[in-house]
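Trainee: Please choose a single part of this model and take me through it closely, then set it in its surroundings. I would like the cut-offs stated as you go.

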Amino acid sequence: VLWRAVFFYGDKTLLYSKGESEAAELLSKCVRIYSFIPDYMKGNKIDPNSTTEIGFPHAGSKIKAMSATENAGISFQPSRIVCDEHIEHPFAVKNYMAAKPGIDSSGGQFISIFTSDETKLDELAVTLFKDGLLGKNGYKSLFFPYTVRPGRDDAWYKARMAEVPNDLLKGLTPEIYMARAYPKTIEEALSASKTVMVFDKAVLDYMMKQVRKPMTVEGAGLNMSVCHIFKPYAVGNTYISSTDTSH
């Protein structure tokens, strides 16, 4: 975000975070990074320079931070929107629907960043991520396991888990907390923990592996868009025919 603001003319970024203090902290990261850029690359000084907005007059660019309220970002036409801890935004869907036309018209970016939470797997951030993995929505989904940082190995993982006080878990087990805060795989990050599931996760995983696509039966005189056959008929077997009456 800072790179685009400093080196590209007219760039405008909106940073959404859960609350005002979180939004201010997100913006302050840009300011801290800017302080380490060599002076000859900085252009003019930052103006304005507040807890909610910074500007770069030499490039006509700005970065604005705001809490993800119900009407956040309305009337803005940014180059990109960055939603930090997107899974925690209370009006994520409404904000997204309001911002998307502006992003599309400017050819900009929508960036969703979130930490996994097994109790919020139906939130917009997770849906965008999953559809991106499947190539359904044009987004590029990136996952970073806890091991992406040097020095984070199994010993580090066990040490962090041992340090978590039980009174801070709020009903979670240490294993659930670590899977949420430091997932190892996409599956672990996006799966409901087996300790809070009604059904046996191992059984569900086995059943998912048995899922198959309907087969086409030529010359049967059947409408294959309505009648789905999953296995060829064989004499001596028992078969079940079912229908969904809600349709």
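Mentor: Helices and strands here are DSSP runs, numbered from the N terminus, with H or I over at least four residues for a helix and E over at least two for a strand. The model is a predicted one, for which local features need pLDDT of at least 70 and side-chain atom pairs count only at pLDDT 80 or more, while totals for chains, interfaces and linings use all residues. Residues are numbered from 1 along each chain as its sequence is written, and side-chain values use heavy atoms, with hydrogens and water left out.

The part I choose is the loop between β4 (80-83) and α3 (92-106), which holds aspartate 84 and also glutamate 85. Aspartate 84 is buried, yet it takes part in no salt bridge; buried means under 20% relative accessible area, exposed over 50%, and partly exposed in between, with a 1.4 Å probe and protein chains only. A salt bridge requires a side-chain nitrogen of Lys or Arg within 4 Å of a carboxyl oxygen of Asp or Glu. For aspartate 84 the nearest side chain of opposite charge is that of lysine 29, 5.5 Å away, where Lys and Arg count as positive, Asp and Glu as negative, and His and the chain ends are left out of the count. Setting aside residues up to four places away in sequence, aspartate 84 touches Tyr16, Ser17, Leu26, His89 and Ile113, contact being heavy atoms within 4.5 Å.

Glutamate 85, in that loop as well, has a positive phi of about 50° although it is not a glycine, and with a relative accessible area of 30% this residue is partly exposed. Most residues other than glycine have a negative phi, and most peptide bonds are trans. Another backbone feature to inspect is the peptide bond from aspartate 47 to proline 48, which is cis, with omega near 0°; proline 48 belongs to the loop between α2 and β2.

From the chosen loop the chain leads to α3, where charged pairs can be followed. Lysine 94 forms a salt bridge with glutamate 70, with 2.8 Å between the closest N and O atoms. This pair links distant parts of the chain, since lysine 94 is in helix α3 and glutamate 70 is in the loop between β3 and β4, 24 residues apart. Both partners are partly exposed, lysine 94 at 40% relative accessibility and glutamate 70 at 38%. The loop between β3 and β4 also contains threonine 69, whose contacts beyond four places in sequence are Phe91 and Asn95, and which is partly exposed at 39%.

Within α3, lysine 100 and aspartate 104 lie four residues apart, about one turn of the helix, and their side chains meet in a salt bridge of 2.8 Å, N to O. Lysine 100 is partly exposed, at 24%. Elsewhere, Arg4, Asp11 and Arg80 are joined into one network by salt bridges that share partners. The whole structure contains ten salt bridges.

For the nonpolar surroundings, a core is a set of buried Ala, Val, Leu, Ile, Met, Phe, Trp, Tyr and Cys residues joined through side-chain atoms within 4.5 Å. The largest has 16 residues, of which Leu2, Leu15, Leu27, Tyr34, Ile54, Phe56 and Ile63 touch the most other members. At least two residues of this core come from each of α1 (2-7), α2 (20-35), β2 (53-56) and β3 (61-67), and α2 gives the largest share, five residues. A second, separate core of 13 residues includes Ala92, Ile103, Phe110 and Leu124.

Leu124 is also one of the buried residues of helix α4 (124-133), together with Ala125, Val126, Leu128, Phe129 and Gly132. The elements covering these buried residues include α3, β5 (109-112) and α7 (186-190). Just after α4, glycine 135 takes a positive phi of about 75°.
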